[in-house]
Amino acid sequence: MTHYTAAHWGIYEVHRTDQGPELRPFARDPDPSPIGLDQLDPELKRMRVARPAVRESFLRGERVGGLRGREPFVEVPWDEALDLVARELTRVRSEHGNRAIFGGSYGWSSAGRFHHAVGQVHRFLNLLGGYVRSVDSYSLGAGRALLPHLVTDMDDSNASHTSWSVLAKHCQLFVSFGGVPLKNTQVSSSGAGRHRVRAGLKSLADAGVRCVNISPVRDNFETGGDVEWIPIRPNTDTALMLALAYEVETQPGFDRSFVDRYCVGYETVSAYLRGQIDGVAKTPAWAAQITGVPVERIRALAVELRSKRSIVNVAWALQRAAHGEQPFWALITLASLLGQIGLPGGGYGLGYGAMNAHGSAHARIPGPVFPQGQNAIRDFIPCARIADLLLQPGVEYTYQGETRSYPDIRFVYWAGGNPFHHHQDLHRLERAWQRPETIVVHEQWWTPTARRADIVLPATTTLERDDIGFATREGFYIAMKQAVAPYAEARDDHAIFAALAERFGVDFTEGLSPRQWQERMYRDNATKLAGLGVELPSYEEFWERGLVDLGTHDREHVMHEAFRRDPAKSPLRTPSGKIELYSAKIASFGLDDCPGYAVWREPFEWLGNADKYTLHMLSDQPQRRLHSQLDGSTYSQAGKVAGREPVYINTLDAAARGIADGDLVELFNDRGRCLAGAIVTDGMMPGVVRLATGSWNDFAVDGLDRNANPNTLTLDRGASGFSQGCAAQTCLVDVRRFEGEPPAVECYGPPALL
């Protein structure tokens, strides 16, 4: 009988062979991702954490943070490691209180709903009296903070996008800022089901929908048909959207009936577009100077948008930048002035191409939940401000109109995630990471973060335990049956926390085994869904069948259709119940870098004022992994160039620097240096390079990152005083050929063990 497992890349079949279990693509998936097939790759075993390990001097009782990542580990028995963790937690709580504990995690650790590290670590720390948490995400820091003030929260937006089938029937013009990158759509939070975006894009081409890609990159919007590419300077999309809005609003025949009925704040926006607030009209000529897009092309695109059933989309990457709120806000402003929001095939998209779920016709239903309890500590940080938190205790910062201060963190407990991949300015994070007194990490592999811990506890992988897979709008419940035995002495996060909880006398398990927890979660969820008209089989039947297909509940969907039909009966969850083109609440915060309406503000670094460093570096999602997961796998390594992650560089920029295709090159700025392999192409606009995230950070003694992590170079600064979101896409660098013998990459194996 076929067994299944789920990963963020999709569902996979587990087949038994004479050589052991083998992963194969899900037979019902029309476009399966190959990434997850490497989960059993033998190459990954040499990177596994086999036994509990403690940093050598820390084991002797010396809390010298500056030695993290620079000295060997000592493997110890489980009880010794757990006793040490418990003693350190007890000491910090006694001397400094729970406000000195930071509970770190990131939501991509597992597609299973029970063995999900973020839920497990938060439940444990809540039972101990709470911890300092993080909010928002690196992917959507600015967007998550902003969107509830404008239309709805980000989770609702992600799950509400108009279905691909509706777009194919009704849309005439699909304009995307930042493309619709298929590589990103290999994943969904908690696991993709049927990969649908490739077919969705092809359906647009087959239906004759005209597609326009406004991006510094040509290859991130492919439909199988013609796509017009309009190159644009990075971080200037807001200026172009404002100019399009200006053209729409100021030309004869503008119909303001939509903004009058469905929006608030139009008058303020109109005054800004016409230059009545700052003395600068947001004309196509104004935008052309900023964006590099010709004046006539801007005007012609505005005419097209007005005359056709049009949808305008932005990639999430646009808000991972200086003033990252503004592209989202400008998009909603432009779509509102076009007046097609809520119509089939019209309106806007916030992330078509970000994940597989966008454009799904599957039912939007809640899934099983592992209860985390209540956090008694009120302190939190925007997640991209972790280095600020550790470096600047007591320093004030602003977030959504509040002035807060960073707590004094002495203990970091991290389970799930690799901040030494996804945080910006890794040299700065390295300095910040030395300050806490104790850092404990649960990990399957010796990641850059695990190497910088004091205590590392080996965790099982998804394939080494039973679980329940489910993702909203993905259409399946999956019985994730254990495929292989745990590696060496690895334990489930749940078992680790249960053993620690016993040392504190708190009830972490409620007397339930992991299987009993999963059964309880499934039954509770089934009861909830029955009230929504969705019937699930019994838990026993579900586990026996291995898969529940919810495809019979599929329905085509149009974003904001009910709101357009009757805004009084179906109001938005904003203060006014309408689209807030002008937000009085945000305006009341008095922030120049994020006033109460969409505005253009110059980025911190950009090609408009480039001097010392003249290339803008984009750090996008990788093709062959999710973030840094499985970077050491055979599949990920096969995509390397010159043994490193590839950097894409325009033909003219490469020629000016004597760089040829396949060369080992060095990217550099005042923040850092890293190596990469050059791919020379005309598919990047001049002045722009692209280096995907996810290669494991590997610093040499001189600070050179030998393994092409772009966050060696990126700027660790909040997007604005409103969101404090990640601004990784605002980054100037230069590139040169690397001369001499290439240094060896050392990060894909265990550290020194005593």
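This briefing describes the overall build of the protein and then one of its helices, α18. The model is predicted, with local features requiring pLDDT of at least 70 and side-chain atom pairs counting only at pLDDT 80 or more, whereas totals for chains, interfaces and linings use all residues. Residues are numbered from 1 along each chain as its sequence is written, and side-chain values use heavy atoms, leaving out hydrogens and water.

**Overall build**

- The protein contains 24 helices and 30 strands, taken as DSSP runs (H or I of at least four residues for helices, E of at least two for strands) numbered from the N terminus.
- Its radius of gyration is 25 Å, which agrees with the value near 27 Å for a compact globule of 754 residues; the radius is taken over C-alpha atoms, and the globule rule is 2.2 Å times the number of residues to the power 0.38.
- Of the 754 residues, 64% count as buried, meaning under 20% relative accessible area with a 1.4 Å probe and protein chains only.

**Helix α18**

- Helix α18 covers residues 493-504, and its end C-alpha atoms lie 17 Å apart, which agrees with the 16 Å expected for twelve residues at 1.5 Å a residue, the rule being 1.5 Å times one less than the number of residues.
- Because nine of its twelve residues are buried, α18 is largely enclosed by the rest of the structure; among the buried residues are Asp493, His494, Phe497 and Phe504.
- The cover over these buried residues includes α2 (78-96), α3 (117-127), β17 (411-415) and α19 (514-530).
- Gly505, with a positive phi near 70°, follows α18.

Terms used. Buried < 20%, exposed > 50% of the residue type's maximum accessible area, 1.4 Å probe, protein only. Contact = heavy atoms within 4.5 Å.
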